[in-house]
Amino acid sequence: MYKIRIYSPNKSCAPLRGLYLNQPIVLRLGSSKEHDTTGRRVLNSIDGIRISSDKRKSSRIMDQAEVHHAEWICSSDKDELMNFYQEHEVVICKRYNSCKGNGIYYIDSEGKMIDWIDEHDDELDKFVIEKYYNFNREYRFHVDRVHGIFYGCRKLLKNDAEERWHRHDSNSVWILPENPKFKKPTFIDEIESDCMKYMEEAGLDICAFDIKSNDDSFIILESNTAPCLGPRGIEMYKNHLLKYYNESI
């Protein structure tokens with residue numbers, strides 16, 4: 001038996017480190033540091049982690065994989081950025097390494113766009129500008145590149161949330177599939193396929209995806225190789241690893 005090696009900056013995945021498998025496995029959950037992995041099967045490449053953590057690279061991979069995602073631009077040309085805003089009318093400006101709701105801006109007027117460009121004049125190319133989709137549901141699906149979705153939850157806005165254009169930990173709660181409010185998308189197979197195509201292109205094996213949807217369509221908001229895992233998430237990851245990565249070498 002081999003104790004799994006977990007490389008991650010996210011402390012919530014620590015309980016996975018007690019898992020023993022019949023083959024030596026390394027699972028990178030958000031860590032792109034070099035480690036000696038000789039003789040071990042490695043899940044998630046360093047390049048894949050770096051792509052996922054940089055919204056500019058990740059958006060290019062989504063283009064290459066031809067998956068559902070928002071129209072976007074990354075440019076230091078102010079005229080290009082203004083033209084993109086005028087085309088889409090409401091946009092989100094995301095710093096390439098933004099997380100947990102930080103470094104993200106909602107722009108819904110030409111004046112706000114002009115001000116935002118002026119305020120970030122010296123770092124415009126560090127941002128991805130996306131068309132804003134006013135879809136009313138947001139999910140996180142954990143996906144295996146070969147075996148598909150193995151865990152999911154939905155992020156619901158709190159009733160008293162003041163900021164409603166973006167869901168994050170301070171204004172939302174997570175619910176599980178057994179909750180009637182989960183409302184699994186009818187096109188879940190298409191979501192799964194898109195996530196798996198992205199992972200194939202990026203060089204990832206296990207990854208979480210934030211998905212925004214309405215009744216008719218969806219977009220991939222972003223990939224996350226270091227998702228927070230509560231007790232249910234830890235249980236689902238352990239079960240998945242034991243089911244698919246426990247064969248003897």
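How many disulfides does the structure hold? Zero. Keep in mind as we go that this is a predicted model. A disulfide here would need a pair of cysteine sulfur atoms within 2.5 Å, so it's worth looking at a couple of the cysteines. Take Cys93: its nearest cysteine sulfur belongs to Cys74 and sits 11 Å away, and Cys93 is in no disulfide. Cys93 is also buried, with a relative accessible area of 0%. Cys207 tells a similar story, since the nearest cysteine sulfur, from Cys195, is 8.0 Å off and Cys207 is in no disulfide either. Cys207 is buried too, at a relative accessible area of 1%.

Now let's move to strand β10, which covers residues 137-144. Is this strand mostly covered or mostly open? Mostly covered: eight of its eight residues are buried. Look at how the side chains alternate. Arg137, Tyr139, Phe141 and Val143 point one way, while Glu138, Arg140, His142 and Asp144 point the other, and all of them are buried. That list has charged residues such as Arg137, Glu138, Arg140 and Asp144 in it, on both faces of the strand.

Who are the neighbours of β10? One is β13, residues 206-213, which pairs with β10 in the antiparallel sense over eight bridges. If you want a landmark in that pairing, find Phe141, which stands opposite Phe209 of β13. Cys207, the buried cysteine from before, falls within the residue range of β13. Another partner is β11, residues 148-157, joined to β10 by seven bridges and again running antiparallel. Here the landmark is Glu138, standing opposite Lys155 in β11. To get from β10 to β11, follow the chain through a hairpin of three residues.

Next, hop over to another piece of sheet. This one is open, has three strands in the order β2-β4-β5, and its pairing is parallel. The edge strands are β2 (5-7) and β5 (41-43); each has a single partner strand, so one side of each is left without a neighbour in the sheet. From one strand to the next, the twist averages 20°. Zooming in on β2 and β4 (residues 25-28), you'll find three bridges between them, with the strands running parallel. Tyr7 is a handy marker in this pairing, as it stands opposite Arg28 in β4.

On to the helices. α3 (residues 78-88) and α4 (residues 110-119) pack with their axes 11 Å apart, at an angle of about 155°. Angles over 145 degrees count as roughly antiparallel, and α3 and α4 are therefore roughly antiparallel to each other. As for handedness, α3 passes α4 in a right-handed crossing. Which residues meet where the two helices pack? From α3 come Lys78, Leu81, Met82, Tyr85 and Gln86, and from α4 come Glu110, Met113, Ile114, Ile117 and Asp118.

Last stop: Asp194, which lies in helix α5 (residues 188-202). Is Asp194 buried or exposed? Buried, with a relative accessible area of 3%. Leaving aside residues up to four places away in sequence, Asp194 touches Val67, His68, Phe218 and Ile220. Cys195, whose sulfur is the nearest cysteine sulfur to that of Cys207, falls within the residue range of α5 as well.

Conventions: Residues numbered from 1 in each chain as written. Predicted model: local features only at pLDDT ≥ 70, side-chain atom pairs only at ≥ 80, totals over all residues. Heavy atoms only, no water. Buried < 20%, exposed > 50% of the residue type's maximum accessible area, 1.4 Å probe, protein only. Helix = DSSP H or I, 4+ residues; strand = E, 2+ residues; numbered from the N terminus. Pairing = 2+ DSSP bridges. Axes fitted to C-alpha atoms, helices over the stretch in contact; angles between N-to-C directions. Parallel < 35°, antiparallel > 145°, perpendicular 65-115°, else oblique. Left-handed = near helix turned anticlockwise from the far one by under 90°. Contact = heavy atoms within 4.5 Å.
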